[in-house]
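The exercises below ask you to work through charged contacts, ring pairs and surface features of one structure. Each task is followed by a solution in steps.

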Amino acid sequence: MRNSTARRIQLATITGVALLGLTACASTVAQGAARPSSQEIASLFDQWNTALKGDPQGVADLYAEDGVLLPTLSPVVRTNRDEIKEYFTEDFLPKKPTGTITESHVRIIDEDSASHSGNYTFTVTDKNGARTKVPARFTYVYEKIGGEWLITEHHSSIAPAG
């Protein structure tokens with residue numbers, strides 16, 4: 001009788017510990033699977049825009065290793081982080097750009113991917129110091145990679161006159 005009671009207590013303890021562990025795992029998975037908010041995704045533009053004030057590597061690091069950039073001021077499609085860095089080094093950052101979103105549409109695809117599209121205006125500076133406003137359209141596709149939101153696709157083009 002003692003062995004039977006001891007075994008039941010032991011079995012109940014093991015079962016309770018196992019259930020507690022499963023509950024903790026389920027809670028962790030549920031928390032990790034939370035969908036991002038539209039505001040969280042929209043704020044990624046602010047992070048990118050702020051990075052434009054720094055070095056080209058800092059901007060390129062916001063893109064996935066195999067990210068694709070169809071840039072505003074160049075006809076050359078960039079398909080990796082080194083090529084993206086080259087664009088920002090040679091073509092864009094020398095113009096001291098600052099962007100302002102004028103129309104914004106965020107789509108949450110799932111917990112690890114989202115897109116942000118719309119219109120923005122860049123103020124750029126030419127070699128003589130003259131500032132020009134460049135209206136453009138944009139689409140960013142983000143993917144959460146290694147716990148960090150990275151740009152996997154970025155298309156920016158000068159808005160057509162109209």
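**Exercise 1. Examine the pair D91 and R78: how far apart are the closest N and O atoms, and where do the two residues lie?**

Step 1. D91 and R78 form a salt bridge in which the closest N and O atoms are 3.3 Å apart, which falls within the 4 Å allowed between a side-chain nitrogen of Lys or Arg and a carboxyl oxygen of Asp or Glu.

Step 2. The contact links distant parts of the chain, since D91 belongs to helix α4 while R78 sits in the loop between β1 and α4, 13 residues apart.

Step 3. D91 has a relative accessibility of 22% and therefore counts as partly exposed, whereas R78, with a relative accessible area of 6%, is buried. Bear in mind that the model is a predicted one.

**Exercise 2. Find which residues are joined into one network by salt bridges that share partners, and describe each contact.**

Step 1. Begin with the count, which comes to 3 salt bridges.

Step 2. One of them pairs D61 with R81, the closest N and O atoms being 3.9 Å apart. Because D61 lies in the loop between α3 (56–60) and β1 and R81 in helix α4, this pair ties together parts that are 20 residues apart in sequence.

Step 3. R81 also forms a salt bridge with E65, with the closest N and O atoms 2.8 Å apart. Here R81 lies in helix α4 and E65 in strand β1, so the contact ties together parts that are 16 residues apart in sequence.

Step 4. R81 is buried at a relative accessible area of 16%, while D61 is partly exposed at 33% and E65 is exposed at 55%.

Step 5. Salt bridges that share partners thus join D61, E65 and R81 into one network.

**Exercise 3. Describe the geometry of the aromatic pairs F45–Y120 and F138–Y140, and determine whether their residues are buried or exposed.**

Step 1. The structure holds 16 aromatic pairs. Among them, F45 and Y120 are 5.8 Å apart from centre to centre with 45 degrees between the planes, a tilted arrangement. An angle under 30 degrees would count as stacked and one over 60 as edge-to-face.

Step 2. F45 lies in helix α2 (residues 38–51) and Y120 in strand β3 (residues 113–125), so this pair ties together parts that are 75 residues apart in sequence. Both F45 and Y120 are buried.

Step 3. F138 and Y140 also form a tilted pair, with 5.6 Å between the centres and 55 degrees between the planes. F138 is buried with a relative accessible area of 3%, and Y140 counts as buried at 0%.

Step 4. Ring pairs link F45, W48, Y63, Y87, F88, F92, Y120, F122, F138, Y140 and Y142 into a cluster.

**Exercise 4. Turn to the surface: which residues form a negative patch, and what is the phi of K96?**

Step 1. The negative surface patch is formed by D66, D112, E143 and E153. Of these residues, D66 is found in strand β1 (residues 63–70) and is exposed, its relative accessible area being 57%.

Step 2. K96 is not a glycine, yet it has a positive phi of about 50 degrees. K96 is placed in the loop between α4 (81–92) and β2 (98–110), and K96 is exposed with a relative accessible area of 57%.

Conventions
Residues numbered from 1 in each chain as written. Predicted model: local features only at pLDDT ≥ 70, side-chain atom pairs only at ≥ 80, totals over all residues. Heavy atoms only, no water. Patch = residues over 30% accessible without salt bridge, like charges linked within 9 Å, V, L, I, M, F, W, Y side chains within 5 Å. Areas by Shrake-Rupley, 256 points an atom, 1.4 Å probe, with all protein chains shown as cover. Lys, Arg positive; Asp, Glu negative; His and termini not counted. Charge placed at Lys NZ, Arg CZ, Asp CG, Glu CD. Helix = DSSP H or I, 4+ residues; strand = E, 2+ residues; numbered from the N terminus. Buried < 20%, exposed > 50% of the residue type's maximum accessible area, 1.4 Å probe, protein only. Phe/Tyr/Trp six-rings, centres within 6.5 Å; stacked < 30°, edge-to-face > 60°.
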